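Me: I'm new to this one and would like a close look at a single part of it. Could you walk me through it in plain words?

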Amino acid sequence: MKIDRLIGILSILLQKEMVTAPELAEHFEVSRRTINRDIEALCMAGIPIQTTQGVGGGISIMSGYRMDRTILTSRDMQMILAGLRSLDSVGGSGYYGQLMEKIQAGSSTFISGRDSILIDLSAWYGETLPPKIGLIQDAIELKKRIGFDYYCPGGDSKREIEPYYLIFKWTSWYVYGFCLLRKEFRLFKLNRMDGIRHGETFEPESEIPLPDLSNEKIFPPRGRVKAVFDPSLKWQLVEEYGVGSFTELPDGMLLFEHEYADDEGLISWMLTCRDKVTVLEPESVREKLRQIAEEMAAKYTSS
């Protein structure tokens, strides 16, 4: 959208002393003519933009300029405040709440209407999460390595990484950085980390690859499961995979077919469904569920 691009261009101009039209065109994947029209639109909005011709020239904002908040609409401000409020739900320090107060100061007429979006990023382990986020944020800002104990299905280990990003994805928080043990960029789940501590200062990589957070990359399909669910679990299938993930059979049972990433995750999910599901394929998962059921039955059978 044009308004998004205009705000993006203004943000770049406020951060850089000078930028060229070809650089902006490449960044926003539009033509140079479009960028020229955008610059004209910003000038008409009252932004004091100046252009310099020749070698070393480009586009810049006159020194001393401060952005007028009214370039953002009331709805824009509501979205910004919703985002800040969501970060405050896990920040623990109240920093984002103070920032909201600064933005809202003197803006009662500009920010109209009630909040329509409320986002809470906190988790069940809410007491331990804010300190971890605070330590990692400081490490990223100060360019310090972090060490920690890590617990995962493959076993316990001690890790040290050069942190670059805090990420909220798949209802959990992660830190993305260069792992000194594995010699590659990796994601680490915060609620599997313990004893986080700052280490030595590091020099950031010149080329930092952005994390590929697509489900296909993080959870590549391993196989396809075929199972029959009791109608009482229709809500769970809809919640997890959508209304098109199953076919209703003549007897009312639900035939479910879908790709899955790993046996352990699939087996754990099937066990939560108790006797309300019957796995048809793959055979390896059927066999594992049978073994678990026999072992559980033996454990709880009275001698």
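Where is the place of P282? Please start there and go on to whatever surrounds it.

Reply: Happy to. Keep in mind that this is a predicted model. P282 has its place in the loop between β11 (277-281) and α10. The peptide bond leading from E281 into P282 is cis, its omega being near 0°. Most peptide bonds are trans, and most residues other than glycine have a negative phi.

From that loop, go on to α10 itself, the helix of residues 283-300. Its partner here is helix α9, residues 263-272, and the two axes come within 11 Å, crossing at roughly 55°. An angle over 115 and up to 145 degrees, or from 35 up to 65, is called oblique, so α9 and α10 are oblique to each other. The crossing of α9 past α10 is right-handed.

What do the helices touch each other with? On the α9 side you'll find D263, L266, I267, M270 and L271, and they meet S284, V285, K288, L289 and I292 of α10. Sorted by character, the residues of this contact are seven nonpolar, one polar and two charged.

While you're on α10, look for E287, R290 and E294, which are linked in a network of salt bridges. Side chains of opposite charge can pair when their charged atoms come close. Across the whole structure, a search finds nine salt bridges.

A few others are worth a visit. E162 forms one with R145, and the closest N and O atoms there are 3.4 Å apart. That pair links distant parts of the chain, with E162 in strand β4 (residues 155-169), R145 in strand β3 (residues 144-152), and the two positions 17 residues apart. E162 has a relative accessibility of 6%, so it counts as buried.

Next comes the salt bridge between D149 and K158, at 2.7 Å from N to O. Its two ends sit in opposite settings: D149 is buried, at 17% relative accessible area, whereas K158 counts as exposed at 62%. E184 and R186 also meet in a salt bridge, again with 2.7 Å from N to O. Here E184 is partly exposed at 34% relative accessibility, and R186 is partly exposed too, at 30%.

D149 turns up once more if you look at S157, a residue of strand β4. Leaving aside residues up to four places away in sequence, S157 touches F148, D149 and Y150. S157 counts as buried, with 18% relative accessibility. From S157 to L181 is 24 residues in sequence and 9.9 Å in space, C-alpha to C-alpha.

Back to backbone oddities like the one at P282. K143 isn't a glycine, yet it has a positive phi of about 60°. You'll find K143 in the loop between α6 (129-142) and β3, and it is partly exposed at 37% relative accessible area. K183, likewise not a glycine, has a positive phi near 60°. Its loop runs between β5 (172-179) and β6 (184-189), and K183 counts as exposed at 59% relative accessibility.

Now step back to the whole chain. Its secondary structure comes to ten helices and eleven strands, and buried residues make up 34% of its 303 residues. Among contacts with a separation of 6 or more, 59% are between residues 24 or more positions apart.

Technical notes:
Residues numbered from 1 in each chain as written. Predicted model: local features only at pLDDT ≥ 70, side-chain atom pairs only at ≥ 80, totals over all residues. Heavy atoms only, no water. Axes fitted to C-alpha atoms, helices over the stretch in contact; angles between N-to-C directions. Helix = DSSP H or I, 4+ residues; strand = E, 2+ residues; numbered from the N terminus. Left-handed = near helix turned anticlockwise from the far one by under 90°. Contact = heavy atoms within 4.5 Å. Nonpolar A, V, L, I, M, F, W, Y, C, P; charged D, E, K, R; others polar. Salt bridge = Lys/Arg side-chain N within 4 Å of Asp/Glu carboxyl O. Buried < 20%, exposed > 50% of the residue type's maximum accessible area, 1.4 Å probe, protein only.
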